[in-house]
Amino acid sequence: MRDPLAELSFETAGNIVVGRVVGEIESVNAQEMSNALAAQLTTDRVGLVIDLSGVSYLDSAGIELLFDLARRLRTHRQWLRLVVPVDAPMRRVLELCDIDRAAPIDATVEGALEGLGESPA
């Protein structure tokens, strides 16, 4: 997905999809981004790791996107983990929103993959 606000790319690690977001997630692109992330998950996937390390801005629509995506994945017995560096200001915002009730936050993609039971390559 490419738009003026964010770039989204995907790779796989075993049976896990890793989505990397660079740019801003806000109301004008949150729904499109949610659809693009969900479309990557087939029933044989364990879950999704979203690397938010390259995100420079996240508004309330972006936060709701993460909660909603976690709920949708859970209904299919799939899991969501988020990657946000420990020193990123966005991490504190996500912690205040209790995002970890829906999706654990890891500091690295490798940590998120391990959390989903996949050894990093």
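## Helix H2 and the sheet beneath its cover

The buried residues of helix H2 are covered by elements that include strand S2 (16-25), helix H1 (30-39), strand S3 (47-58), strand S4 (79-83) and helix H3 (89-96), where helices (H or I, at least four residues) and strands (E, at least two) are DSSP runs numbered from the N terminus, and contact means heavy atoms within 4.5 Å. The model is a predicted one, in which local features need pLDDT of at least 70 and side-chain atom pairs count only at pLDDT 80 or more, while totals for chains, interfaces and linings use all residues. Residues are numbered from 1 along each chain as its sequence is written, and side-chain values use heavy atoms, with hydrogens and water left out.

H2 itself covers residues 60-75, and its 16 residues reach 23 Å from the first C-alpha to the last, close to the 22 Å expected at 1.5 Å a residue (the expected span being 1.5 Å times one less than the number of residues). Among the residues of H2 that are buried are Ile 63, Leu 66, Phe 67 and Ala 70, where buried means under 20% relative accessible area with a 1.4 Å probe and protein chains only. An α-helix has 3.6 residues a turn, so residues three or four places apart point the same way. At the N-terminal end of H2, Asp 59 acts as a cap, with a side-chain oxygen 2.9 Å from the backbone nitrogen of Ala 61; after the helix comes Arg 77, whose phi is positive, near 60 degrees.

The sheet is open and consists of five strands in the order S1-S2-S3-S4-S5, with mixed pairing (two strands pair if DSSP finds at least two bridges between them). Strand S1 (6-13) and strand S5 (105-106) stand at the edges with a single partner strand each, so one side of each has no neighbour in the sheet. H1 packs on this sheet and touches S1, S2 and S3, its direction making about 15 degrees with that of S1, whereas H2 touches S2, S3 and S4, its direction making about 180 degrees with that of S3; these angles run from 0 to 180 degrees between N-to-C directions, with axes fitted to C-alpha atoms, for helices over the stretch in contact.

Strand S2 is mostly covered, with seven of its 10 residues buried. S2 runs antiparallel to S1, to which eight bridges join it, and the two form a hairpin with two residues between them, where Gly 14 in the turn has a positive phi of about 65 degrees. With S3, S2 pairs in the parallel sense over nine bridges.

Key. Buried < 20%, exposed > 50% of the residue type's maximum accessible area, 1.4 Å probe, protein only. Polar contact = N/O pair within 3.5 Å; in protein donor to acceptor, adjacent residues only side chain to side chain.
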